[in-house]
Structures are given as structure tokens and as C-alpha cells.
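Let's take a walk through a protein together. Keep the 3D view open and turn it as you read.

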Amino acid sequence: MIPQTHLDGLLAELHTRLQAVLSTRDRVHALLEAVVSVGGDLDLETVLHRIVETAATLVDARYGALGVIGEDNTLARFVPAGLSEEEIAGIEHWPHGLGLLGLLIKEPRPLRLPRICDHPESYGFPPGHPPMAGFLGVPVRVRGRVFGNLYLTEKRGGGEFDEDDEAIVVALASAAGVAIENARLYEDTRRRETWLQASAEITRSLLSGAETPRVLTLIARRARRMAGADAVAILLPEDGGRTLRVAIADGVPGPARGRRLPVEGSLAGQAFVCAEPRVVTDLNDTDLGDTDLLAAVGGTGAACAVPLGGPGAVRGVLSLGRRPGRVPFSRAEVCMVHSFAGHAAVAIELDEARRDAERLGLLEDRDRIAKDLHDVVIQRLFAVAMTLTGAARLVDHPEAAARLRTAIDELDGTIRQIRSTIFALRAPAGAPGLRARLVELVEGARGPLGFLPALCMDGQLDTRVPAPVGEHLLAVAREAISNVVRHAHATRATVTVRLDKDRLTLLVEDDGVGIPARGRRSGLRNLSERAESLGGSCAAEARAAGGTRLCWSVPLPSTP
């Protein structure tokens with residue numbers, strides 16, 4: 001009986017050891033399959049999620065996570081597993097790498113605990129985080145440098161993580177480091193290939209003379225793809241460099257184009273002022289003003305802004321954003337985008353050079369036309385007028401003499417109009433001059449009057465008339481035309497602006513009902529006050545042929 005009992009004990013022990021061997025064999029097989037599975041993909045996002053899920057499966061953990069360590073030795077990324085969408089949404093924020101997780105960052109070696117809360121470095125869980133007890137943490141190294149840490153909690157069945165669990169996760173972490181490095185190398189290679197293709201495409205567009213907005217749109221889209229960003233915007237300076245205007249946006253919801261961003265207090269503004277790239281891990285954790293601009297679907301997490309151009313010649317900013325939860329922009333990505341952004345600076349410089357060349361060509365053409373008009377056309381017309389003047393003295397027939405004098409007057413008027421055109425051609429390019437504003441003012445009266453008033457301009461109005469005097473002139477002309485519209489009931493009107501030596505004169509004439517004897521004179525009083533403030537005069541009188549004649553005249557500073 002005793003030998004039988006001893007034999008049963010030996011058989012039971014043998015069975016237990018066989019079960020342990022089989023379990024170990026199964027776990028080794030599972031580990032080998034896990035290593036193959038983790039290394040079977042080259043997309044970094046997929047690799048990270050697969051590592052966490054595989055580790056949790058191997059040690060039968062309910063929850064798992066991979067914390068990616070940033071450059072400031074905090075958790076820049078948190079990849080969870082085992083949490084439902086509702087549980088994730090209920091967590092106020094992911095851990096930042098403090099307490100127990102911070103200990104793993106400072107001391108990267110395996111850590112196994114039966115209860116998290118019993119450890120002196122335990123910092124507690126963020127609000128909304130599910131309760132967790134058992135803990136197993138293992139560092140993941142890539143080329144000898146700690147990439148992040150694997151965190152596993154809550155072993156199913158209520159047990160504790162043992163030495164075998166730790167050994168399996170350590171082995172998986174080694175394989176995970178290789179898989180992560182392979183994925184990163186693949187992404188770098190693919191990024192370089194994308195950079196070369198995009199650079200060649202941008203260069204072709206620039207050399208072909210494509211419009212700048214089209215080139216900038218192409219640059220924004222290629223930069224977004226190259227950096228794996230969810231949103232991108234190109235901002236150009238305005239208002240003397242105090243604000244940045246969104247010229248191009250891709251992936252940004254809503255009407256972002258044309259939106260303005262202050263330079264002060266924004267990530268893009270920092271890059272613009274410092275002429276260096278600026279990067280943040282989570283834009284929502286800052287008080288910078290770029291959050292709404294770069295908010296892709298689901299908000300904005302990591303963001304970076306690179307200047308377009310070097311120090312002293314920054315022509316804009318390229319801003320990129322990623323959704324929350326994604327890996328922050330790496331140094332290699334930022335450097336590549338910064339280099340690529342140089343194409344945008346070249347495009348802007350080429351556009352400015354092209355515009356300057358077109359403006360110079362236009363000015364040269366205008367100057368040539370003005371010279372031809374002055375040296376050829378006016379001289380010939382003046383010669384014809386002189387000939388007709390001499391011939392008029394030899395004509396005795398009154399009707400013929402009257403017709404000659406009318407022709408001479410028409411030639412004189414034509415010469416004045418050509419001279420006025422010459423002055424307009426030689427006016428500075430850019431903002432509309434006084435002549436253009438007078439034309440716009442008179443043409444605007446066509447609708448209210450029912451006819452277009454005649455406009456005559458003589459003299460160097462755009463170059464000789466000071467800006468304050470020009471503003472007074474426009475205000476007086478606007479008031480005079482308004483009086484014709486409201487009170488004259490005219491069928492014809494003439495506006496004449498003449499600059500004779502050092503005096504500027506405005507004449508507004510109409511064939512209307514004239515000025516009533518007891519009518520209000522407040523408008524005329526305002527015009528007189530404007531003239532008197534400039535040392536001039538203003539008078540309104542009845543015309544012999546009917547209607548009203550307003551004469552507003554002021555002196556101008558003499559030219560040297």
C-alpha cells in the first residue's frame with residue numbers, strides 16, 4: 001500500500017512537471033509567433049499597437065499600454081490596449097510620465113508589483129481611469145536607447161505577474177525594439193523618397209512659371225504627406241509683420257483661408273520672428289493661438305511651425321498639426337520639412353521678382369508712350385493749331401472763320417487731354433492716384449444722375465497735389481456732385497479739375513434750376529470752410545445759360 005501511494009505521488013509530480021513543460025512550450029511558441037507578428041509590419045503606428053496587444057495576450061493581462069518617451073523625458077505618446085472607446089473617452093488625460101511611470105523612465109529596468117498603490121512612487125491615476133492592481137513594466141530599447149516602456153496591469157483571474165511573465169515580456173520588448181527600428185528606418189526611407197519626388201515636382205512647377213498660389217498649394221499638400229500631418233497651412237505676413245494671413249490651407253476644416261493670426265502669442269509667430277522651427281507635443285496644453293487654425297477632425301495634438309526663408313528674410317510660415325494621440329513630430333521630420341519649406345520661399349521670391357519685372361515693364365511702356373505722345377503727337381497737333389490760327393486771319397467769310405476758331409479750340413482741348421493722359425501715365429504705380437479716384441467718383445454719379453458727367457483734368461494732379469489737399473478736393477467734389485443730384489434737376493454736368501502753376505481749381509457746372517434765393521447754404525458753407533482752411537476760396541453763382549457754376553480754388557506750395 002505504501003509503495004502504491006509513493007508511486008501515485010511520483011506520477012502526480014511527473015504530470016505536474018509535464019504540464020509545466022507543455023505550458024512553457026506553448027508560451028515559447030506563442031512568444032515566437034508574437035515576435036514574427038510584431039516584425040511583420042513596417043507601419044510604425046500598426047507596430048506600436050500590435051506590440052501592446054501581443055504583450056497583453058502573452059501574459060494574460062487585461063490592460064496594456066506603450067508609453068513613448070519624448071525628448072524632455074516625459075511621455076510624449078500613450079498607446080493603450082484593453083480599454084473600450086467609452087473608457088478612453090472618460091479618462092481626463094493620459095499619464096504624463098510622473099510617479100511610478102516616471103520611475104521607469106528614470107530607471108529603465110523591469111518592475112513587477114502585486115499592487116500598484118503599495119509602491120512609494122505611486123502617483124495615482126488620472127480622473128476617469130479604471131482601477132488597476134497588479135503591474136508589470138518593461139523598457140523597450142532601440143539601438144541601446146530607451147524608446148519607451150511596456151505597461152501591463154490586471155492579470156486575468158486575479159493572479160500576480162510572475163518571473164515567467166517578466167521574462168516573456170522582456171524577450172518581446174527586445175524583439176519590439178528591432179521591429180520599431182525597422183519601421184522607423186522604413187518610414188525614413190519612404191520619407192526621403194517622398195521628399196525627392198516632391199522636390200522634383202516643385203522644381204518643375206517653379207521652372208515652368210506656374211502661378212504662385214498653385215505652387216504653394218502643391219507645397220502644402222506635399223509637406224502634409226511628407227510629415228504625416230493631418231492639417232497644414234501656409235501663412236504670409238501682413239500689417240507690417242504684426243499678423244500672419246492664411247494663404248493656403250489643406251486638411252483644415254472650415255473657411256481657414258484668409259484668416260489672420262497674431263504674430264505675438266502664436267506658434268507660427270514664434271517661428272516667423274526667430275526664423276527657426278518650433279515644435280510642441282500637444283498644442284491644446286499651451287496657451288498659443290494656433291489651436292483653432294490647425295484643429296483637424298478630433299482636435300490638434302502635436303504641432304510644428306517652420307519658417308519660409310532664413311534669418312532676415314523670412315517670407316512666411318508653414319504650420320503642421322496632428323490629431324491627439326499621434327506620435328509628435330520627430331527632429332528628422334522637422335528638419336526635412338524645414339528644408340522642403342525652402343521651396344515655398346523660392347516660390348514667393350520668384351513671384352515677387354516676376355511682379356517687379358512686370359511692373360518695371362509696364363512703367364517702361366507707359367514712359368515710352370508718354371514720350372511719344374509728348375514729342376510727336378502733341379507737337380504735330382500744336383503745329384496744326386498754329387497753321388489754322390494763321391489761316392484764320394486770311395479768311396474773310398465769318399462762318400468759315402468761326403469754324404476755324406472752333407477747330408482750333410478743339411485742338412487746344414485735345415492737347416490738354418493728351419497732356420493729362422501723359423501725367424496719368426507717369427503717375428506712380430501702386431495705390432490709385434488722385435486722377436483715378438476722381439474718375440471713380442464721377443462715374444459713381446452716373447446712376448443717381450441718369451447720365452455721366454463730363455470730366456476734364458489738366459495738370460500733374462497725381463504728383464503735384466499733396467495728399468491732404470487731394471482729400472479736401474475729393475470731399476468738395478463729392479459734395480458738389482451730391483448737390484447736383486439732389487437739387488439741380490440737371491440734364492448735363494461738367495467737372496473740371498485744373499492745376500495751373502501753383503493753384504488747384506475745381507469747377508462743377510450744371511444746366512439745372514440754379515440756386516434758390518432762400519435755400520439752405522450749409523453745404524456751401526462747409527465747402528467754403530475747407531477752402532479757407534487751405535488759404536483759398538469757394539463761390540457758387542448762376543450761369544448765364546442757366547444752372548449753377550461752383551468754383552473751389554486753393555493755392556499749392558510752389559515747386560523748386
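**Empty spaces, a helix and some cysteines**

Counting cavities of 30 Å³ or more gives two here. Keep in mind that this is a predicted model. How do you find gaps like these in the first place? Rolling a probe the size of a water molecule over the atoms shows where empty space is left.

Let's look into the second largest cavity, which has a volume of about 30 Å³. Its walls are made by L449, P453, I481, V484, A493, V495 and V508. What kinds of residues line the second largest cavity: nonpolar, polar or charged? Seven are nonpolar, with no polar and no charged ones in the lining. Helix α13 (467-488) and strand β13 (493-500) each supply at least two of the lining residues.

Now scroll back along the chain to helix α2, which covers residues 44-58 and has 15 residues. From first C-alpha to last, α2 reaches 21 Å, close to the 21 Å expected at 1.5 Å a residue. Several of its residues are tucked away: L44, V47, L48, I51, V52, T54, A55, A56 and L58 are the buried ones. After α2 comes D60, and its phi is positive, near 60 degrees.

Last stop: the cysteines. How many disulfides does the structure hold? The count is zero. Take C551, which is in no disulfide: the nearest cysteine sulfur belongs to C538 and is 7.7 Å away, while a disulfide needs two sulfurs within 2.5 Å. C551 counts as partly exposed because its relative accessible area is 23%, and C274 is partly exposed too, at 38% relative accessibility.

Conventions:
Residues are numbered from 1 along each chain as its sequence is written. This is a predicted model: local features need pLDDT of at least 70, side-chain atom pairs count only at pLDDT 80 or more; totals for chains, interfaces and linings use all residues. Side-chain values use heavy atoms; hydrogens and water are left out. Buried means under 20% relative accessible area, exposed over 50%, partly exposed in between (1.4 Å probe, protein chains only). On a 1 Å grid over the protein atoms alone, a cavity is a set of points where a 1.4 Å probe fits but cannot get out, and a pocket is an open set with protein on both sides within 12 Å along at least five of seven lines; lining residues have an atom within 4 Å of a point. Grid points are joined across faces, edges and corners, and a volume is the space filled by probe spheres set on the points. Helices (H or I, at least four residues) and strands (E, at least two) are DSSP runs, numbered from the N terminus. Ala, Val, Leu, Ile, Met, Phe, Trp, Tyr, Cys and Pro count as nonpolar, Asp, Glu, Lys and Arg as charged, and the others, Gly among them, as polar. The expected span of a helix is 1.5 Å times one less than its number of residues.
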